[in-house]
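Trainee: I would like a close look at one part of this structure. Please walk me through its aromatic pairs.

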Amino acid sequence: MEIFLDTLKWSLIIGVLTLGLSLLRPAFEKRYSVQWRYWTWLLLAIPALLAPVQWEKLLPVLPAVNAPLVIDVPEMEIQVVQGDRLSVSLQDAYTGLPEGVSPEDQRTWQLSEEVPKVWLCGCGVSALYILAGGGLYRCKARRRGQPPAERTANIYEAVRRDMGLKKTPPLYVSRAVSSPMLVGLLRPCLLLPGEKWNEEELRLILRHELTHYRRHDLWYKAALLAARTLHWFNPLLHLLVKEASVDLELTCDDAVVSGMGQEARRAYSKTLLSAVRREKGPALSTHFYGGKEVMRERFRNILGQRGQKRGTLVLALTLAAALACGCAFGFRQTRQMDGALNEERVGVASTIWSEC
């Protein structure tokens, strides 16, 4: 239960920061480049991933530091009493049997034992959905795929040389996909739905996907999805992955059009419009549509003004806020809350609040 409470604490912290950054997104995008958000989401995912690790037990040489504010979580249990009428109640643990009820008529589940089981089952189902879904999608696409035509293979080789890549993932043309995408974490491959684009459009599409490959964006998404898997119960971690996926595409667009003139940027925008489809791809891939509003944001980012601030200070403040909140409070499970002790803790918390 301690591991789950630590996970819950960081889930709340990261979730609140994610919500704040999402609400402030319109104000930030006018002043700062998207690059700082790209790294912010990844750095917020790291404490979310490390939340279950109890460092004080792994590194016993470190001195124990207690949080100023400790929130006590009393042990609770679900009691199901079957008599003349079925009765289900939630109450403090170790309170004993209700009056007139025999042990044969009662079943009890300790929440401190059942909640971690439900959490771990949810993590397993979420991980299985991502891994199995991505693997099956990749196998289906490869099975229905074929090597590209000579023209496409020559363009692919030219783009590789132009980008200075020593090796590239294998390229397939597959009817199973609706948009160009990079799939596969350990053995990635690049999939095209067809070869109908002209030479310049095909160059831009391949450059976009190879930019994802060069930046190891599939590993970036894997870290975010792993954090979401651990915190599957928190909708704000799902929001973090969604926001990060948008910024992943925006930064990739920035890398592709870097150094291009306005006409070339317009051509790239038109190519994106013709290449990206609404159909849903696997979670662990570079396919991302996001809706009309996201596509408009990508076009504004491609065609907009350059010279925005880097946002390093905002990134540092966000991480400092996460660490400060992580050190400021914690959860602790207790059997019963003594009345006098509870009043004392409330008084200490009030004093800390008044001093702040």
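Mentor: Happily, and we will start with how to read the model, then follow its ring pairs.

This is a predicted model, where local features need pLDDT of at least 70 and side-chain atom pairs count only at pLDDT 80 or more, while totals for chains, interfaces and linings use all residues. Residues are numbered from 1 along each chain as its sequence is written, and side-chain values use heavy atoms, with hydrogens and water left out.

The structure holds 8 aromatic pairs. Rings of Phe, Tyr and Trp (its six-membered ring) pair if their centres lie within 6.5 Å; planes under 30 degrees apart count as stacked, over 60 as edge-to-face and the rest as tilted.

Find Y38 and W39: their ring centres are 5.1 Å apart with planes at 90°, so this pair is edge-to-face. Now turn from Y38 to Y220. Here the ring centres are 4.4 Å apart and the planes sit at 5°, so the pair is stacked. This stacked pair links distant parts of the chain, 182 residues apart: Y38 is in helix α3 (residues 35–50) and Y220 in helix α8 (residues 217–230). Helices here are DSSP runs (H or I, at least four residues), numbered from the N terminus.

What about exposure? Buried means under 20% relative accessible area, exposed over 50%, and partly exposed in between (1.4 Å probe, protein chains only). Y38 has 5% relative accessibility, so Y38 counts as buried; Y220 is buried too. W39, at 41%, counts as partly exposed.

Elsewhere, F4, W119, W232 and F233 form one aromatic cluster.

Note on methods
Helix = DSSP H or I, 4+ residues; strand = E, 2+ residues; numbered from the N terminus.
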